[in-house]
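Colleague: Please pick one part of this model and go through it closely, residue by residue where that helps. I would like one connected account rather than a list.

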Amino acid sequence: MNATDYAKRKQFYTDGVTPLLSDYLDRSTWNTCLDLGCGDGSLLNALEKQGYLAGKSVYAIDLSKSRIDLVKKINKDFACLVRDVCDTKLESGSIDFLLSTQVIEHVEDDTGMVGEI
């Protein structure tokens, strides 16, 4: 699926964060977060509503500009970037906590994505 067709698909926002993720976040120390292939930010929205992103530097990367525009509405302080998940151009070691959900199956070069991570 190309980025234009993908951008037309709707996602649903919830306030829920899975217990596995919330347990990890509750017992971890981190300052920077990257949602790699964030879509329209449904997971970032839930994390924001639950208070997990307060005081953190948050990066959101997606190939779709229209999806990134939606993420910008969640929190104006998020660093939202239209980029390929295989080439983020972020400095190595600059991210403490990385999220990526339901992305790798849509990437042409999944080995490239894993290498970028």
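Modeller: Threonine 111 lies in helix α5, which covers residues 110–116. The model is predicted, and what follows should be read on that footing. Threonine 111 has a relative accessibility of 61%, so it counts as exposed. The C-alpha atom of threonine 111 is separated by 8.7 Å from that of cysteine 86, a residue 25 places away along the chain.

Another threonine gives a way into the part I want to go through, strand β1. Threonine 32 is found in this strand, which spans residues 32–36. Its relative accessible area is 14%. Threonine 32 is buried because that value falls under the 20% cut-off. A polar atom of its side chain lies 2.8 Å from the backbone nitrogen of aspartate 96. Aspartate 96 also appears among the contacts of threonine 32 once neighbours within four places in sequence are left aside. The others on that list are Ser57, Ser94, Ile95 and Phe97.

First, some context for the strand. The protein has 5 helices and 4 strands, and from the N terminus on its elements run α-α-β-α-β-α-β-β-α. Of its 117 residues, 36% are buried. Of the contacts between residues at least 6 apart in sequence, 69% join residues at least 24 apart.

Within β1 itself, 5 of the 5 residues are buried, so the strand is largely enclosed by the rest of the structure. In a regular strand the side chains alternate between the two faces of the sheet. For β1, one side carries Thr32, Leu34 and Leu36, while Cys33 and Asp35 are on the other. Both faces are covered, and each of these residues is buried.

β1 is paired with two strands. With β2, residues 57–62, β1 runs parallel and is joined by 5 bridges. In this pairing, leucine 36 stands opposite isoleucine 61. The chain gets from β1 to β2 by way of helix α3, residues 42–49, and this β-α-β crossover is right-handed. With β4, residues 97–99, β1 also runs parallel, here joined by 3 bridges. Cysteine 33 stands opposite phenylalanine 97 in that pairing.

The connecting helix, α3, has its own buried residues: Leu44, Asn45, Ala46 and Leu47. The elements that cover them include α2, β1, β2, α4 and β4. After α3 comes glycine 51, whose phi is positive, near 85°.

Helix α4, named above as part of that cover, spans residues 65–74, and its buried residues are Arg67, Ile68, Val71 and Ile74. They cover an arc of only 95° around the axis, which puts them on the same side of α4. Lys65 and Lys73, on the other side of α4, are exposed.

Back to phenylalanine 97, which faces cysteine 33 across the pairing of β1 with β4. A pair of aromatic rings is described by the distance of the centres and the angle of the planes. The count of aromatic pairs here comes to 2. In one of them, the rings of tyrosine 24 and phenylalanine 97 have centres 5.5 Å apart and planes at 20°, so this pair is stacked. The pair links distant parts of the chain, with tyrosine 24 in helix α2 (residues 19–26) and phenylalanine 97 in strand β4, 73 residues apart. Tyrosine 24 counts as partly exposed, at 33% relative accessibility, whereas phenylalanine 97 counts as buried, at 8%.

Tryptophan 30 and phenylalanine 97 also pair: their ring centres are 5.3 Å apart and their planes at 35°, so this pair is tilted. Tryptophan 30 sits in the loop between α2 and β1, 67 residues from phenylalanine 97 in β4, and again the pair links distant parts of the chain. Both of these residues are buried. Taken together, Tyr24, Trp30 and Phe97 form one aromatic cluster.

To sum up the strand: β1 is buried on both faces and runs parallel to β2 as well as to β4. At threonine 32, the side chain has a polar atom 2.8 Å from the backbone nitrogen of aspartate 96, and Phe97 is in contact with this threonine too.

Definitions and conventions. Residues are numbered from 1 along each chain as its sequence is written. This is a predicted model: local features need pLDDT of at least 70, side-chain atom pairs count only at pLDDT 80 or more; totals for chains, interfaces and linings use all residues. Side-chain values use heavy atoms; hydrogens and water are left out. Buried means under 20% relative accessible area, exposed over 50%, partly exposed in between (1.4 Å probe, protein chains only). The arc is that of the directions from the helix axis to the C-beta atoms. A polar contact is a pair of N or O atoms within 3.5 Å; within protein, one must be able to donate a hydrogen and the other to accept it, and residues adjacent in sequence count only if both atoms are side-chain atoms. Contact means heavy atoms within 4.5 Å. Two strands pair if DSSP finds at least two bridges between them. A crossover is right-handed if, with the strands pointing away from the viewer, the path from the first strand over the helix to the second runs clockwise. Rings of Phe, Tyr and Trp (its six-membered ring) pair if their centres lie within 6.5 Å; planes under 30 degrees apart count as stacked, over 60 as edge-to-face and the rest as tilted.
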